[in-house]
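The following exercises concern a single protein chain. Each sets a task and then works through its solution step by step. Please examine the sequence and the model before reading on.

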Amino acid sequence: MDQQPQNDADFLEPSVLLDETHYQEGYKNGYNDGLSSGKEEGRQVGLKMGFQVSEELGFYQGCLDVWASATRIDQNVFSARIRKNIEQLAALVSSYPLSDPENEQVQDVMEKIRLKFRVITASLGVRLEYEGRPASSKQDVEDM
């Protein structure tokens, strides 16, 4: 009787090995497919986020250009405090690490830019804000 279980084990062994082979092959194919699709998705998300950051920085630079033009026409158009804040915003925008997206300070610099912009617009008594960021970034976070 001891021979029977061994024969059953021998009989099932090729089936178990075949299942294991299919499992390993499926795992390897799934891993490779996931790797390539993950890289593509990562590239698309990175491109989209890079575009959004550049768009926002362009908005702030455009405001700086308008304020610089106004200052060239009339040097006393803004108070000394506002001119100082504009200079600080210009320095922050130009210091943003565009070519180093993995820099850990990108979020800090962007928050400082946003805060300085709010200080300037509040001092000027105008309601001006970047419209693209709030709606699109919330939706993008939900999409991810």
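Glu56 has a relative accessibility of 3% and counts as buried, where buried means under 20% relative accessible area, exposed over 50% and partly exposed in between (1.4 Å probe, protein chains only). The model is a predicted one, in which local features need pLDDT of at least 70 and side-chain atom pairs count only at pLDDT 80 or more, while totals for chains, interfaces and linings use all residues. Residues are numbered from 1 along each chain as its sequence is written, and side-chain values use heavy atoms, with hydrogens and water left out.

**Exercise 1. Find the salt-bridge partner of Glu56 and describe the network around the pair.**

Step 1. A salt bridge is a side-chain nitrogen of Lys or Arg within 4 Å of a carboxyl oxygen of Asp or Glu. Glu56 meets Arg114 in such a bridge, at 2.7 Å from N to O. The pair links distant parts of the chain, since Glu56 belongs to helix 1 and Arg114 to helix 3, 58 residues apart. Helices here are DSSP runs (H or I, at least four residues), numbered from the N terminus.

Step 2. Arg114 is buried as well, with a relative accessible area of 12%.

Step 3. Arg114 also forms a salt bridge with Glu111, the closest N and O atoms being 2.7 Å apart. These two residues both lie in helix 3, three residues apart, or about one turn of the helix. Glu111 is partly exposed, at 40% relative accessibility.

Step 4. Glu56, Glu111 and Arg114 are thus linked in a network of salt bridges. As a general point, side chains of opposite charge can pair when their charged atoms come close.

**Exercise 2. Complete the count of salt bridges and describe the bridge formed by Glu40.**

Step 1. The count comes to three salt bridges.

Step 2. Glu40 pairs with Arg43, with 3.1 Å between the closest N and O atoms. Because they are three residues apart in helix 1 (residues 3-73), Glu40 and Arg43 are separated by about one helical turn.

Step 3. Glu40 is partly exposed, with a relative accessible area of 34%, and Arg43 is likewise partly exposed, at 48%.

**Exercise 3. Determine which side of helix 3 is buried.**

Step 1. Helix 3 covers residues 106-124, and its 19 residues reach 27 Å from first to last C-alpha, close to the 27 Å expected at 1.5 Å a residue. The expected span is 1.5 Å times one less than the number of residues.

Step 2. The buried residues of helix 3 are Val106, Val109, Met110, Ile113, Arg114, Lys116, Phe117, Ile120 and Thr121. They lie on the same side of helix 3, because they cover an arc of only 165 degrees around the axis. The arc is that of the directions from the helix axis to the C-beta atoms.

Step 3. Gln107, Lys112 and Ala122 are exposed on the other side of helix 3. After the helix comes Gly125, whose phi is positive, near 75 degrees.

**Exercise 4. Carry out the corresponding analysis for helix 2.**

Step 1. Helix 2 has 16 residues and reaches 23 Å between its end C-alpha atoms, close to the expected 22 Å.

Step 2. Its buried residues are Ile82, Asn85, Ile86, Leu89, Leu92 and Val93. They fall within an arc of 120 degrees seen down the axis of helix 2, so they line one face of the helix.

Step 3. The face turned away from the buried side of helix 2 carries the exposed residues Ala80, Lys84, Glu87 and Ser94.

**Exercise 5. Identify the largest nonpolar core and the helices that supply it.**

Step 1. A nonpolar core is a set of buried Ala, Val, Leu, Ile, Met, Phe, Trp, Tyr and Cys residues joined through side-chain atoms within 4.5 Å. The largest has 19 residues, and those with the most contacts inside it are Tyr60, Trp67, Ile86, Leu89, Tyr96 and Ile113.

Step 2. Helix 1, helix 2 (80-95) and helix 3 each supply at least two residues of this core. Helix 3 gives the most to this core, with six residues.

Step 3. Leaving aside neighbours within four places in sequence, Leu89 is in contact (heavy atoms within 4.5 Å) with Leu64, Trp67, Ile113, Lys116, Phe117 and Ile120.

**Exercise 6. Summarise the overall secondary structure.**

Step 1. The protein has four helices and zero strands, in the pattern α-α-α-α along the sequence.

Step 2. Of its 144 residues, 19% count as buried.
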